[in-house]
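Pull up the model and give it a spin before reading on. We'll start with one pair of strands, then zoom out to the whole protein and finish with two residues.

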Amino acid sequence: MNGTIDFFEATRLRVGMLRSLPESTLKKVLEHTEVSPGVEIALQVMSCHGVHSSIVSSGFTYFTSAIAARCGFNDHFGNVLEIENEKLTGLVIEPILDKHAKLATLNAKAAQFGCDLNQTLAIGDGSNDIPMLQAAGLGIAYHPRPVVAETIDNQIIHTDFTSVLFAQGYTEANIRAVIN
């Protein structure tokens, strides 16, 4: 996430170390995974205003699918872990999503909805988010890694995820109308 080693190599190497890990371990990790505070509220407000939201992650669909369902994302994209006989094989099913795939997904989603990139919002924290953040109409670094903080001007550092609402022009009244 700091961009200091080849992403494809690092992903394959790290996943390789998980060979023979029981799938049940992923379930335990997911059960202890915390969502950033404010994500669910932000998605509820944006959804009420017709916004389509996607998770585009270099992480794994095992997690993105559950988080998307839990938080209210419309869809999700990520890397797929190969699992056979309820155990990880240590392989990632190709293609591996990287910074280029994230940018391509942003472009594809904008085209799908007939939007110009100026009408898009992208949020990320790692180095492979930078091209997507730079291309979006509003790119926000959320609690970013150092290399992202050095590159992206719009940053949320001290507050929760609901700050993305205010960056888009939503008000307290918009939020109260949804959560009350």
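How many bridges join β4 to strand β5, and do the two run parallel or antiparallel? Bear in mind as you look that this is a predicted model. The count is 4 bridges between β4 and β5, the latter spanning residues 138-142, and the two strands run parallel. For a concrete spot to click on, try I123, which stands opposite I140 in β5.

Those two strands belong to a bigger arrangement: 3 strands make up an open sheet, ordered β4-β5-β6, with parallel pairing. At the edges sit β4 (121-124) and β6 (155-156), each of them pairing on one side only. As a reminder of what holds such things together, strands of a sheet pair through backbone hydrogen bonds, either parallel or antiparallel.

Now zoom out. Overall, the protein has 9 helices and 6 strands. Its radius of gyration is 17 Å, close to the 16 Å that the globule rule gives for 180 residues, so the protein is as compact as a globular protein of that length. If you'd rather think in boxes, the C-alpha atoms fill one of roughly 50 × 35 × 35 Å along the principal axes. Of the 180 residues, 37% count as buried. Take the contacts between residues at least 6 apart in sequence, and 50% of them join residues at least 24 apart.

What about the outside? The protein exposes about 10,200 Å², and carbon and sulfur atoms supply 53% of that. On the charge side, there are 12 positive and 19 negative charges, and their mean positions are 5 Å apart.

Next, two residues worth a closer look. T11 lies in helix α1, which covers residues 7-16. Is T11 buried or exposed? Its relative accessible area is 7%, under the 20% cut-off, so T11 counts as buried. Leaving out residues up to four places away in sequence, T11 touches V92 and I96.

The other one is I130, found in helix α6 (residues 130-135). With a relative accessibility of 12%, I130 also falls under the 20% cut-off and therefore counts as buried. Which residues is I130 in contact with, once neighbours within four places in sequence are set aside? They are V147, V148, T151 and I152. Looking the other way along the chain, K102 is 28 residues from I130, and their C-alpha atoms are separated by 9.4 Å.

Note on methods:
Residues numbered from 1 in each chain as written. Predicted model: local features only at pLDDT ≥ 70, side-chain atom pairs only at ≥ 80, totals over all residues. Heavy atoms only, no water. Rg over C-alpha atoms; globule rule 2.2 N^0.38 Å. Buried < 20%, exposed > 50% of the residue type's maximum accessible area, 1.4 Å probe, protein only. Contact = heavy atoms within 4.5 Å. Areas by Shrake-Rupley, 256 points an atom, 1.4 Å probe, with all protein chains shown as cover. Lys, Arg positive; Asp, Glu negative; His and termini not counted. Charge placed at Lys NZ, Arg CZ, Asp CG, Glu CD. Pairing = 2+ DSSP bridges.
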